[in-house]
Amino acid sequence: MLTPGRYVGIAEVEDDGEPFEEKMARLTKELGEMFEESDRLQEQIKKNLEVIGFGI
């Protein structure tokens with residue numbers, strides 16, 4: 001057998017049954033939401049730093 005995983009220790013990935021297009025749509029939506037939350041938190045941190053005299 002010549003599959004690389006067998007010789008370099010890479011575990012086989014189990015198929016979760018979710019179609020690729022649906023999975024990518026779901027994951028990119030989740031990533032977008034996380035980016036929005038990150039931006040919101042970053043702004044809150046900047047405001048908090050300004051309040052204590054260390055504005056950026």
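Is Glu 43 buried, partly exposed or exposed, and what is its relative accessible area? Glu 43 is partly exposed, and its relative accessible area is 40%. The model described here is a predicted one.

**Overall architecture**

The secondary structure consists of 2 helices and 0 strands. The protein has 56 residues, of which 0% count as buried. Its exposed surface comes to about 5,500 Å², and carbon and sulfur atoms supply 61% of that area.

Helix H2 covers residues 20-51. With 32 residues at 1.5 Å a residue, H2 should span 46 Å, and the computed distance between its end C-alpha atoms is 46 Å, so the two values agree. After H2 comes Gly 53, which has a positive phi, near 90°.

**Salt bridges**

The whole structure contains 6 salt bridges. Three of these pairs are set out below, with the N to O distance of each.

| Salt bridge | N to O distance |
|---|---|
| Glu 18 and Arg 26 | 3.0 Å |
| Glu 30 and Arg 26 | 3.2 Å |
| Lys 46 and Glu 43 | 3.8 Å |

Lys 46 and Glu 43 both lie in helix H2, 3 residues apart, which means that about one helical turn separates them. An α-helix has 3.6 residues a turn, so residues three or four places apart point the same way. The side chains of Lys 46 and Glu 43 meet at 3.8 Å, N to O, a distance that counts as a salt bridge because the cut-off is 4 Å. Lys 46 is partly exposed at 28% relative accessibility, and Glu 43 is partly exposed at 40%.

Salt bridges with shared partners link Glu 18, Arg 26 and Glu 30 into one network. Arg 26 bonds to Glu 18 at 3.0 Å, N to O, and to Glu 30 with the closest N and O atoms 3.2 Å apart. Glu 30 and Arg 26 are 4 residues apart in helix H2, so they too are separated by about one helical turn.

The members of this network are partly exposed. Glu 18 has a relative accessible area of 25%, Arg 26 has 33%, and Glu 30 has 32%. None of the three counts as buried, because that class requires a relative accessible area under 20%.

**Nonpolar surface patch**

Which residues make the nonpolar surface patch of about 290 Å²? Phe 20, Met 24 and Leu 27 make it. Met 24 belongs to helix H2. At 36% relative accessibility, Met 24 is partly exposed, and it qualifies for a patch because the cut-off for patch residues is over 30% relative accessible area.

**Lys 46 and the residue Ile 56**

How far apart are Lys 46 and Ile 56 in sequence and in space? They are separated by 10 residues in sequence, while their C-alpha atoms are 6.5 Å apart in space. Lys 46 is a residue of helix H2. Lys 46 thus appears in two of the relations described here: the salt bridge with Glu 43 and the C-alpha to C-alpha distance of 6.5 Å to Ile 56.

Terms used:
Residues are numbered from 1 along each chain as its sequence is written. This is a predicted model: local features need pLDDT of at least 70, side-chain atom pairs count only at pLDDT 80 or more; totals for chains, interfaces and linings use all residues. Side-chain values use heavy atoms; hydrogens and water are left out. Buried means under 20% relative accessible area, exposed over 50%, partly exposed in between (1.4 Å probe, protein chains only). Accessible areas come from the Shrake-Rupley method with a 1.4 Å probe; for residues, only the protein chains shown count as cover. Patches are made of residues with over 30% relative accessible area and no salt bridge: like charges are joined within 9 Å, nonpolar side chains (Val, Leu, Ile, Met, Phe, Trp, Tyr) within 5 Å. The expected span of a helix is 1.5 Å times one less than its number of residues.
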